[in-house]
Amino acid sequence: MYIAIDDTDSKSGMCTTFLATELIKEFSELSLLDFPRLVRLNPNVPWKTRGNGAVVLELGYGKNKKNVIGEIDGETALWDGESALDEDIFQRTIDVVSSWAETDREGTDPGVVVGNIRPDIGLYHKGVTDIVTLEEVTNILDDLDLRYWGMGNRRGIIGAAAALAWVPLDCTYELISYRKRENWGTSRRINRDEVIALDKATKYTFDTFDYRENKQAIAPSSPCPVLYGVRGDEHEELKKSLGIIKSEEPERYLIFLTNQGTDDHIRDTNICDIRSYLSVHIRCSVASSPITIEGGHVLFEVTEDGSTITAAAYEPTKSFRGIVRQLIIGDEIELWGGIREEPLTVNVERLKVNNLVKKITKIANPECDSCGKRMSSVGKDAGYRCKRCSTKGDEDDALTEVVERKILEGWYEVPVVARRHLTKPLKRMCRGKEGYC
Ligand code: ATP
């Protein structure tokens, strides 16, 4: 039996993952048949609260099988009975969700999907890369006889159904710990040195501490019940955090299987096919020098096959902007990033520099071939003329030198503090026995 839920939180509290722990409590007579899943969906949807995450539980009789149907070598053979009472589970899930969801806040529109099968993975692909309508989703759920329920505008059903459709090809884990109730809404006591110690003590965790910006990245700043979340490729290793992060005692924790850090949201595309709400990967070349605008955002144009689009490294990407500022016209690059509704700009998450053009700067006007005197410029891009003997020279005759570039060919990513949940950290791209390379 699968239970999928979404859109239970608001900016002022709650977290859909916390409800996973409450549902596990509610269904204590059942066993978890798989890790609870935390599935991130399209990071560009305008109506998300924070990270556009939905949660899926797979529950069944498991170890609690009750029906004896045989005896083999002295051991009873157990049958897990009829599938759990669907109607009962559906109603109890609705009761738990309605009692915790922040439904008095605008923009909280919870959704629940319950059933024995998953929708086709195509629904997940669309949900993580594009916009899905409620009508599309309810048609799919009706065809599959899956039960669903929603409050408000019922939008949460979209995320719940898309999350249920996820089949992990690439996946990671997150251990999320939750605060004692009396601490909710107060500032978190997360010690920076403990977070660094955790990072050093683990081989396969990522996005834990941002050494570039000198900031911990495991604790949120919102007033939600989460104390911290530690992400990684090995679920057992994540439990080390419980012994290392001691500054505030969590009340409970749960390890989720997630699509975080997998790049599942990215579509390889051409600039001419880019539209709002997608996250794209494009191969292109730099078409204008990067400029810094008010607010510290860095913008530049990129071009590919006659189409052009603006790329942006916004202020929250901090030191990454310094890398982007080193690009010059003609550099061949690849960009990964999300597209908002307006303006149609690539919000850069990752950059790969494939080929740097030579940066040439003029150091002097040319010498006159006839009399040897230094020539004068006639005007911008208009060439040179010798004042003494009127000999003409081309723009290209000027004396130039090659300037050393302050950027190398290769990969660059935004700092941990600016990274999206779904974005694959570069360290995950290369994994050895002793940790990420
Ligand atoms: P948190 O991550 O803190 O749990 P959130 O960022 O997930 O919160 P929600 O409150 O769940 O934000 O809001 C996201 C809403 O967008 C949900 O109602 C969800 O069903 C809907 N949604 C998610 N993905 C899509 C999509 N691809 N198309 C349309 N709606 C979507």
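**Helix α4**

I started with helix α4, residues 134-143, and found Val-137, Thr-138 and Leu-141 buried there. I checked how they sit around the axis: they cover an arc of only 95°, which puts them on the same side of α4. That fits the textbook picture, in which an α-helix has 3.6 residues a turn, so residues three or four places apart point the same way. This is a predicted model, which I keep in mind throughout.

Next I looked at the face of α4 turned away from that buried side, and there I noted the exposed residues Glu-135 and Asp-143. What do the buried residues of α4 pack against? I listed two strands, β7 (111-115) and β8 (147-150), and two helices, α3 (121-129) and α5 (156-164). After the helix comes Asp-145, and its phi is positive, near 60°.

**Helix α1**

I went back towards the start of the chain for α1, residues 16-26. How many of its eleven residues are buried? I got eight, so I put the helix down as mostly covered. The buried ones are Thr-16, Thr-17, Phe-18, Leu-19, Ala-20, Thr-21, Glu-22 and Leu-23.

**The whole protein**

I stepped back for the overall picture and counted nine helices and 29 strands. The radius of gyration is 28 Å, well over the 22 Å that the globule rule gives for 437 residues, so the protein is more spread out than a compact globule. I also looked up the extent of the C-alpha trace along the principal axes, and it spans about 110 × 50 × 50 Å.

Of the 437 residues, 50% count as buried. For contacts with a separation of 6 or more, I found that 70% come from residues 24 or more positions apart. The protein exposes about 20,900 Å², with carbon and sulfur atoms supplying 47% of that. I then looked at the charges: there are 59 positive and 71 negative ones, and their mean positions are 8 Å apart.

**Backbone oddities**

I went through the loops for unusual backbone values. The peptide bond from Glu-342 to Pro-343 is cis, with omega near -15°. I placed Pro-343 in the loop between β20 (332-339) and β21 (345-355).

Two residues other than glycine went into my notes for positive phi. For Asp-73 phi is near 50°, and for Tyr-277 phi is near 75°. Asp-73 belongs to the loop between β5 (67-72) and β6 (75-79), while Tyr-277 lies in the loop between β15 (266-268) and β16 (279-286).

Is Asp-73 buried or exposed? I have Asp-73 at 77% relative accessibility, so it counts as exposed. Tyr-277 went in the other column: its relative accessible area is 17%, so it is buried, given that buried means under 20%.

**Ser-222**

I picked out Ser-222, which is in the loop between β12 (215-216) and β13 (226-232). Despite the loop address, Ser-222 is buried, at 12% relative accessible area. Which residues does Ser-222 contact, leaving aside neighbours within four places in sequence? I wrote down two arginines, Arg-50 and Arg-188. I also took the C-alpha to C-alpha distance from Ser-222 to Thr-129: 26 Å in space, with their positions 93 residues apart in sequence.

**Gly-229**

From there I moved on to strand β13 itself, where Gly-229 lies. Gly-229 has a relative accessible area of 6%, so I filed it as buried. Outside its neighbours within four places in sequence, I found Gly-229 in contact with Glu-174, Leu-175, Ile-176 and Ile-218. Gly-229 and Ile-255 are 26 residues apart in sequence, and I have their C-alpha atoms 9.3 Å apart.

**Leu-399**

My last stop was Leu-399, in strand β26 (residues 399-403). Its relative accessibility is 39%, so Leu-399 counts as partly exposed. What does Leu-399 touch, not counting residues up to four places away in sequence? My list has the run Thr-361, Lys-362, Ile-363, Ala-364 and Asn-365, plus Arg-374. For one of these, Ile-363, I looked up the spacing as well: 36 residues from Leu-399 in sequence, and 5.7 Å in space, C-alpha to C-alpha.

Key. Residues are numbered from 1 along each chain as its sequence is written. This is a predicted model: local features need pLDDT of at least 70, side-chain atom pairs count only at pLDDT 80 or more; totals for chains, interfaces and linings use all residues. Side-chain values use heavy atoms; hydrogens and water are left out. Buried means under 20% relative accessible area, exposed over 50%, partly exposed in between (1.4 Å probe, protein chains only). Helices (H or I, at least four residues) and strands (E, at least two) are DSSP runs, numbered from the N terminus. The arc is that of the directions from the helix axis to the C-beta atoms. Contact means heavy atoms within 4.5 Å. The radius of gyration is taken over C-alpha atoms; the globule rule is 2.2 Å times the number of residues to the power 0.38. Accessible areas come from the Shrake-Rupley method with a 1.4 Å probe; for residues, only the protein chains shown count as cover. Lys and Arg count as positive and Asp and Glu as negative; His and the chain ends are not counted. The place of a charge is taken as NZ of Lys, CZ of Arg, CG of Asp or CD of Glu.
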